[in-house]
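Reader: I would like to practise reading a fold with you. Could we go through it one feature at a time?

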Amino acid sequence: MKLISRKSERNLINLQMFYMQITITKSLKYFLAGFIEGEGSLTVSIKKNSNARFNYCLDPEFFLYQHQSGLPLLETAQTIFGSGRIYLKSGSKNVFVYAISNRRVIYERVLPFFKEYINPYSCRFTQQYDLYRSEERRVGKECLRLCRS
């Protein structure tokens with residue numbers, strides 16, 4: 001199964017070479033913040049886990065989606081956050097996903113990025129950010145109460 005044409009492959013290589021030469025600056029981080037605003041997703045899933053204190057656990061994840069032609073943007077995000085993986089979106093031949101599911105990376109790198117570069121200019125992510133910053137125990141109890149009702 002062929003994912004991309006030769007011409008697209010050459011274009012991707014050219015874009016990757018271009019992005020490899022970019023220095024990570026504050027301006028680039030603001031650009032990435034706008035990209036995240038439009039194409040990003042910060043989620044918290046509630047999953048059953050018999051080993052967890054309340055038999056449920058919170059599973060935070062951060063995602064960015066992009067067509068194959070914008071793959072270097074996902075690689076730039078990966079470089080800035082220093083973690084995560086890029087993979088082909090299930091059911092799509094042309095869309096890639098950059099994902100961070102490591103809780104520590106989300107708390108230490110993604111959330112501070114949101115606080116500095118996204119939240120002051122966005123109301124969309126403010127509630128999600130606040131949820132992440134809440135104490136896990138308090139949020140866990142509330143989620144448990146909601147799950148049982």
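Reader: Let me begin with two rings: are Phe62 and Phe114 buried or exposed?

Author: Keep in mind that this is a predicted model. Both Phe62 and Phe114 are buried. For Phe62 the relative accessible area is 0%. These two residues form an edge-to-face aromatic pair, with 5.9 Å centre to centre and 85 degrees between the planes. Phe62 belongs to strand 2 and Phe114 to helix 4 (residues 103–118), 52 residues apart, and the pair links these distant parts of the chain.

Reader: How should I describe aromatic pairs, and how many does the structure hold?

Author: Two values describe a pair of aromatic rings: the distance of the centres and the angle of the planes. Here the structure holds 7 aromatic pairs. One of them joins Phe62 and Phe81, edge-to-face, at 5.7 Å centre to centre and 75 degrees between the planes. Phe62 sits in strand 2 (residues 56–67) and Phe81 in helix 3 (residues 71–81), so this pair ties together parts that are 19 residues apart in sequence. Phe81 also counts as buried, at 2% relative accessibility.

Reader: Which residues do the ring pairs link into a cluster?

Author: The cluster is made of Tyr30, Phe62, Phe81, Tyr98, Phe113, Phe114 and Tyr117.

Reader: Now the sheet, please. What is the order of its strands?

Author: Generally speaking, strands of a sheet pair through backbone hydrogen bonds, in a parallel or an antiparallel way. In this case, 4 strands form an open sheet in the order 1-2-4-3, and the pairing is antiparallel. Strand 1 and strand 3 (85–88) are at the edges with a single partner strand each, so one side of each is left without a neighbour in the sheet. On average, neighbouring strands are turned by 30 degrees against each other, ignoring direction.

Reader: Over how many bridges do strand 1 and strand 2 pair?

Author: Their antiparallel pairing runs over 9 bridges. If you would like a place to look, find Ser45, which stands opposite Asp59 in strand 2.

Reader: Which strands does helix 2 lie across?

Author: Helix 2 lies across strand 1 and strand 2, and runs at about 105 degrees to strand 2. Compare helix 4, which lies across strand 1, strand 2 and strand 4 (95–100), at about 55 degrees to strand 2.

Reader: Where do the buried residues of helix 2 fall, seen down its axis?

Author: Start with the list: Leu28, Leu32, Ala33, Phe35 and Ile36 are buried in helix 2. Seen down the axis, they fall within an arc of 165 degrees, so they line one face of the helix. Ser27 and Gly38, on the other side of helix 2, are exposed. The buried residues of the helix pack against strand 1 (40–48), strand 2, helix 3 and helix 4.

Reader: What span should helix 2 have at 1.5 Å a residue?

Author: Its 14 residues (26–39) should span 20 Å, and the end C-alpha atoms are 20 Å apart, which agrees.

Reader: Let us finish with helix 3. How many of its residues are buried?

Author: Helix 3 is mostly covered, with 8 of its 11 residues buried. Among them are Leu71, Pro72, Leu73 and Leu74, as well as Ile80 and Phe81. Just after this helix comes Gly82, which takes a positive phi of about 65 degrees.

Conventions: Residues numbered from 1 in each chain as written. Predicted model: local features only at pLDDT ≥ 70, side-chain atom pairs only at ≥ 80, totals over all residues. Heavy atoms only, no water. Phe/Tyr/Trp six-rings, centres within 6.5 Å; stacked < 30°, edge-to-face > 60°. Helix = DSSP H or I, 4+ residues; strand = E, 2+ residues; numbered from the N terminus. Buried < 20%, exposed > 50% of the residue type's maximum accessible area, 1.4 Å probe, protein only. Expected span 1.5 Å × (residues − 1). Arc of directions from axis to C-beta. Contact = heavy atoms within 4.5 Å. Pairing = 2+ DSSP bridges. Axes fitted to C-alpha atoms, helices over the stretch in contact; angles between N-to-C directions.
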